[in-house]
Amino acid sequence: MKNDFYVTTPIYYVNDVPHIGHAYSTVVADVFARYHRLAGDDVFFLTGTDEHGQKVAKAAEDRGLEPQEHVDRMVDPFKDLWRLYSISNDYFIRTTEERHQRVVQEIFQRLYDQGDIYKGTYEGWYCIHEENYWAEGQLVDMNCPDCGRPVKRVTEDSYFLKTSAYVDRLLAYIEANPNFIRPDVRRNEVVSFLKGGVQDVAVSRTAFRWGVPVPFDPEHVVYVWFDALINYLTGVGYITDDERFAAFWPPVHLIGKDILKFHAVIWPTMLMALGLELPKAIIATGFWTLGDQKISKSRGKVVDPIELADELGVDAVRYFLLREMPLGQDGEFTYERLVRRVNDDLANDFGNLIHRTLPMIKKYRNGVVPERPASTERTASLAEAATGIIAEYNENMRAEKPRDALMAVWRLLAAANKFIDFSEPWNLSKAGDTAGLDEVLWGLTETIRLAVLMTYPFMPATGDAAFEQLGFDESPGDKLFGDELVWGRLEGGRQTRPGSPLFPRIELEPKE
Ligand code: MSP
């Protein structure tokens, strides 16, 4: 069965260059997109940049640039990083692009015409860093309750979105759809927030100009979050490409837990007002921390994803990000942990299996993979393990539990490494047991093929290199799991091409 799968990342503020926390959300979305493509689904994967608002305007001013010039320059580090990190997005949206601004204006106009947006006066506090409004009672020591920075008193005419009118419907929806907001702890957070009473949201500003003008009142620019959330509609063709929109809507949103309320309160309100289906899921991921601090440029705590990739390889970093912390929880980012994962999981468990198997095929069979064996006795337990693990892997990937999926694959690698030890191919060779040796070598190669396919969404470049060494001419990315992710599909007769280690070990040097 063919499904459609539309996955999004948050769009990133272009006030600064990306750090590893930004790379995380995008890599997670990429892994899902790649998995679903291999599973035969139609995929649309969207990422991009959030270029309006006071925070970005201020970053431009600090650099002495016009906002447009600033954002035009700042978008490149994002695009370059995604290329470096093998991100397979289908479109890259910028909120300054003309098409998007038009869609924002049309939506604003429509919600105003139908009475879901009305004019009033906003009195309260604004945090530029979070681009968020706060009531006085929400402030902590008169500072932003989220980031602790000073807030600004704001009194201005503003347009409001009638969020409050949709709260009951939204609560009922969340209760009827337990998988809508994930993980549970985040759903509960949203439910108690909604139950505490929600005010209408100010969706325009007059204090500065860097935003989409309100079409019927150009004194106002559209609030940056109202503008930004609409990227998910523009990017997939709302208003501009009906066919694509119909094929892919609704999306699965991957977001950080810090932007949950915007996605789980304001955004559904906007969609309900537009009469559109709500997202399939809003999955909130946790934070990478250094010590106990969130990695963030403004806190002076950053890990540079380019440096890491140069040193350890993109795939090692991608693997680490997905394997180390369960989706939804926080995790501490340390160089030591990263190196341990590379050495233990990649170099030892995965690399060794490949770099033990290929030399045996070379030594005993001139590098040619034996034909599929008639007997299945020796490989029966490995086949059984593989079949169970494939099912578990698919289940976890479909349930957006990538860490559990990886752990399943590593059980298969462990089983295959043990299989070498107890089947003792060297003794089969000595004893002249040709059929036995063929079966063992074929079984090992088959296990490697399956492990490479399953890890391909996580480590695409490694998957290509591994397939090259196994003697395949195609990329795992050209395969379909329905045909290929099945024990026993490996055909023999292929000339292997052993090469350099796929995962070189890293020597751990003490780091500052
Ligand atoms: N522009 C808004 C999102 C608009 S979406 C319609 C925004 N941008 S951001 O650049 O500040 O952050 C983008 C994402 O990066 C957020 O989801 C945030 O949670 C994530 N991360 C930033 N630092 C992070 C970590 N240290 N760890 C994990 N993710 C983190 O918010």
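**Exercise 1.** Leaving aside its neighbours within four places in sequence, which residues is Val198 in contact with?

*Solution.* Begin by placing the residue in this predicted model: Val198 is found in the loop between helix H6 (184–195) and strand E9 (201–202). Next, list the contacts that remain once neighbours within four places in sequence are set aside, which are Thr163, Ser164, Val167, Phe193 and Val265. Then turn to accessibility: Val198 counts as buried because its relative accessibility is 16%, and the cut-off for buried is under 20%. Finally, for a distant reference point, take Val28, which is 170 residues from Val198 in sequence and 31 Å from Val198 in space, C-alpha to C-alpha.

**Exercise 2.** Determine the strand order of the sheet that contains E9, and identify the strands at its edges.

*Solution.* The sheet is open and is formed by four strands in the order E6-E5-E7-E9, with antiparallel pairing. Strand E6 (132–134) and E9 each have a single partner strand, so one side of each is left without a neighbour in the sheet. To examine one pairing in detail, follow strand E5 (residues 117–127), which runs antiparallel to E6 and is joined to E6 by three bridges; here Tyr126 stands opposite Tyr133 in E6.

**Exercise 3.** Work out which strands pair with E3, and in what sense.

*Solution.* Strand E3 (residues 42–50) is mostly covered, with eight of its nine residues buried. Take the partners in turn.

- Strand E1 (residues 4–8) pairs with E3 in the parallel sense over five bridges, and the bridge partner of Thr8 is Leu46 in E3.
- E2 also pairs with E3 in the parallel sense, over two bridges, and Tyr13 stands opposite Asp50 in E3.
- Strand E4 (residues 91–94) is joined to E3 in the parallel sense by four bridges, and Arg94 in E4 is the bridge partner of Thr49.

**Exercise 4.** Describe the surroundings of the ligand, starting from the residues that come nearest.

*Solution.* Of the 22 residues around the ligand, those that come nearest are Ile11, Asp50, Gly256, Asp258 and Trp288. Sorted by character, the shell holds twelve nonpolar, seven polar and three charged residues. Strand E2 (12–13), H1, helix H7 (224–229), helix H8 (231–234) and strand E12 (252–256) each supply at least two residues of this shell.

Now consider the polar contacts. A polar backbone atom of Ile11 is 2.8 Å from a nitrogen atom of the ligand, and a backbone N or O atom of Gly21 lies 3.3 Å from a ligand nitrogen atom. With Asp50 the contact comes from the side chain, where a polar atom lies 2.7 Å from a nitrogen atom of the ligand. As a last step, assess the cover: the protein covers 95% of the 670 Å² of accessible area that the ligand has on its own.

**Exercise 5.** Locate Trp288 within its sheet, and say which strands stand at the edges.

*Solution.* Three strands form an open sheet of mixed pairing in the order E15-E14-E16. Strand E15 (293–294) and strand E16 (331–332) stand at the edges, each with a single partner strand, so one side of each is left without a neighbour in the sheet. Strand E14 (residues 288–290) pairs with E16 in the parallel sense over two bridges, and Trp288 stands opposite Gly331 in E16.

**Exercise 6.** Find the helices against which the buried residues of H18 pack.

*Solution.* First name the buried residues of helix H18 (residues 460–470), which are Pro460, Thr462, Gly463, Ala466, Phe467, Gln469 and Leu470. These pack against helix H1 (20–38), helix H12 (314–324), helix H13 (335–365) and helix H17 (434–455). After H18 comes Gly471, with a positive phi near 95°.

Definitions and conventions. Residues are numbered from 1 along each chain as its sequence is written. This is a predicted model: local features need pLDDT of at least 70, side-chain atom pairs count only at pLDDT 80 or more; totals for chains, interfaces and linings use all residues. Side-chain values use heavy atoms; hydrogens and water are left out. Buried means under 20% relative accessible area, exposed over 50%, partly exposed in between (1.4 Å probe, protein chains only). Contact means heavy atoms within 4.5 Å. Two strands pair if DSSP finds at least two bridges between them. A residue is near a molecule or strand if one of its heavy atoms lies within 4 Å of it. A polar contact is a pair of N or O atoms within 3.5 Å; within protein, one must be able to donate a hydrogen and the other to accept it, and residues adjacent in sequence count only if both atoms are side-chain atoms. Accessible areas come from the Shrake-Rupley method with a 1.4 Å probe; for residues, only the protein chains shown count as cover. Ala, Val, Leu, Ile, Met, Phe, Trp, Tyr, Cys and Pro count as nonpolar, Asp, Glu, Lys and Arg as charged, and the others, Gly among them, as polar.
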